[in-house]
Amino acid sequence: MLPLRGCHRRLVSLRGVTAPSLLLPPITTTTTSMAAPHPHSHPAKTLRASPPPPSTAGSAPKRSRTMATDAAATAHSASAGCSAMKAEFAKHAEYLNTLNDKRERLVKASRDLTMNSKKAIFQVHRISKNNKEEVLSKAENDLTVVVNQYIGKLVKELQGTDFWKLRRAYTFGVQEYVEAATFCRFCKTGTLLSLAEINDSLLELGDKSVEPLQINVLDYVLGVADLSGELMRLAIGRISDGEVEYAKNICAFVRDIYRELTLVVPLMDDNSEMKKKMETMLQSVVKIENACFSVHVRGSEYIPLLGSSADPDYSFFGASDFDQ
């Protein structure tokens, strides 16, 4: 019976492989007492050593296999999704930048529109008995320039439905233009310029293939509310020049506007700004009434200036047969 170390060397020599000194640790044998075999026991089996694993000296260690194909596909899909997201947000950023640039241009155009509309209003305030036709003709020419140059800029910038999204950028200029146009119309004909007439005058400025710029009802009503202040100044000026009847007409006109707007304002959704203007309009009505009232009550003091008769006229108060 060969020892275990001898069996191992013999197996290695048969396979033609040189056993490295580090493959198997040295085997130490221990002496055990051998008891007598049992008469019915099986013969002892010879222990054989298992062959050593093949030598791995000089070769690279093997790596665990991975699903490279699935990982690459996942990375490619994630990269594609990220690129699509960046492209989408880049599109939104470009739209917002374009909208902001357009808003800035509209604010500048609105300031120019406001300034030139005020110039037309100041021109109308130069009116008197002797130069009425001349002053109104110049004011109408100024309004024509305002429409062609400054409102034309708004029309070019506002295409499609942009005039609803960017209304806050140009609303103050439009209100001032409505105030100037209605003021000039009243001084010429004594009537109120309607919203339909204003929008019809703007149709020729834009391209017929797109939706034209239309002044909305809110801006029109706000502009008409500002008209009361200009009419109050005009009435005071006409009284000082002796045109009392003209001041009466202005007073009745402003009263009618105020009465009608008191019925409309509660029905408006966005009426916070309109409520402030209604308070100012009421103050204008009171100032015109006080001025006309002072002329009638103290008419004898104003006779030389006004050139009226000695008999006071109380028809303005609805009492033509007033007992003195």
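When we say that two residues touch or are in contact here, we mean that they have heavy atoms within 4.5 Å of each other. Keep that in mind as we walk through this predicted model.

A good place to try it out is Arg167, which sits in helix 5. Leaving out residues up to four places away in sequence, Arg167 touches Asn216, Leu218, Asp219 and Leu222. Ile215 belongs in this picture too: 48 residues separate Arg167 and Ile215 along the chain, yet their C-alpha atoms are 9.8 Å apart. Is Arg167 buried or exposed? The cut-off for buried is under 20% relative accessible area, and Arg167 comes in at 11%, so it counts as buried.

Now step back to the whole chain. The protein has 10 helices and 0 strands, so if you read the elements from the N terminus on, you simply get α-α-α-α-α-α-α-α-α-α. Of the 324 residues in the protein, 32% are buried. Take the contacts with a separation of 6 or more: 72% of them are between residues 24 or more positions apart.

Next, the inside. In soluble globular proteins, nonpolar side chains tend to be buried together. Here the largest nonpolar core has 69 residues, and the members that touch the most others are Leu154, Tyr177, Ile250 and Met274. Which helices feed this core with at least two residues each? They are helix 2 (68-124), helix 3 (132-157), helix 5 (167-189), helix 6 (195-202), helix 7 (217-240), helix 8 (244-264) and helix 9 (272-297). Helix 7 gives the largest share, with 12 residues. The core also takes at least three residues from each of domain 1 (92-215) and domain 2 (217-300).

Let's zoom in on one of those well-connected members, Tyr177. Not counting residues up to four places away in sequence, Tyr177 touches Leu113, Ser117, Leu143, Val146, Val147, Ile151, Ile198, Ser201 and Ile215. Val146 turns up again as a partner of Asn116, which is also in contact with Tyr150 once neighbours within four places in sequence are set aside. Asn116 is part of helix 2, and with a relative accessible area of 13% it is buried.

That leaves the packing of helices 7, 8 and 9. Two packed helices are described by the angle between their axes and the distance between the axes. For helix 7 and helix 8, the angle is about 160° and the axes are 9 Å apart. Angles over 145 degrees count as roughly antiparallel, so that is the label for helix 7 and helix 8. Their crossing is left-handed. On the helix 7 side, the contact involves residues including Val221, Leu227, Leu231 and Ile239, and on the helix 8 side residues including Tyr246, Ile250, Phe253 and Leu261.

Helix 8 also packs against helix 9, at an angle of about 150° and with the axes 10 Å apart. These two are therefore roughly antiparallel as well, and helix 8 passes helix 9 in a left-handed crossing. Among the helix 8 residues that meet helix 9 are Val244, Ile250, Cys251, Val254 and Tyr258, while the helix 9 side includes Met274, Met278, Leu282, Val285 and Cys292. Ile250 is worth a second look: it takes part in the contact with helix 7 and in the one with helix 9.

Key. Residues numbered from 1 in each chain as written. Predicted model: local features only at pLDDT ≥ 70, side-chain atom pairs only at ≥ 80, totals over all residues. Heavy atoms only, no water. Core = buried A, V, L, I, M, F, W, Y, C linked by side-chain atoms within 4.5 Å. Buried < 20%, exposed > 50% of the residue type's maximum accessible area, 1.4 Å probe, protein only. Helix = DSSP H or I, 4+ residues; strand = E, 2+ residues; numbered from the N terminus. Domains from an automatic or database assignment. Axes fitted to C-alpha atoms, helices over the stretch in contact; angles between N-to-C directions. Parallel < 35°, antiparallel > 145°, perpendicular 65-115°, else oblique. Left-handed = near helix turned anticlockwise from the far one by under 90°.
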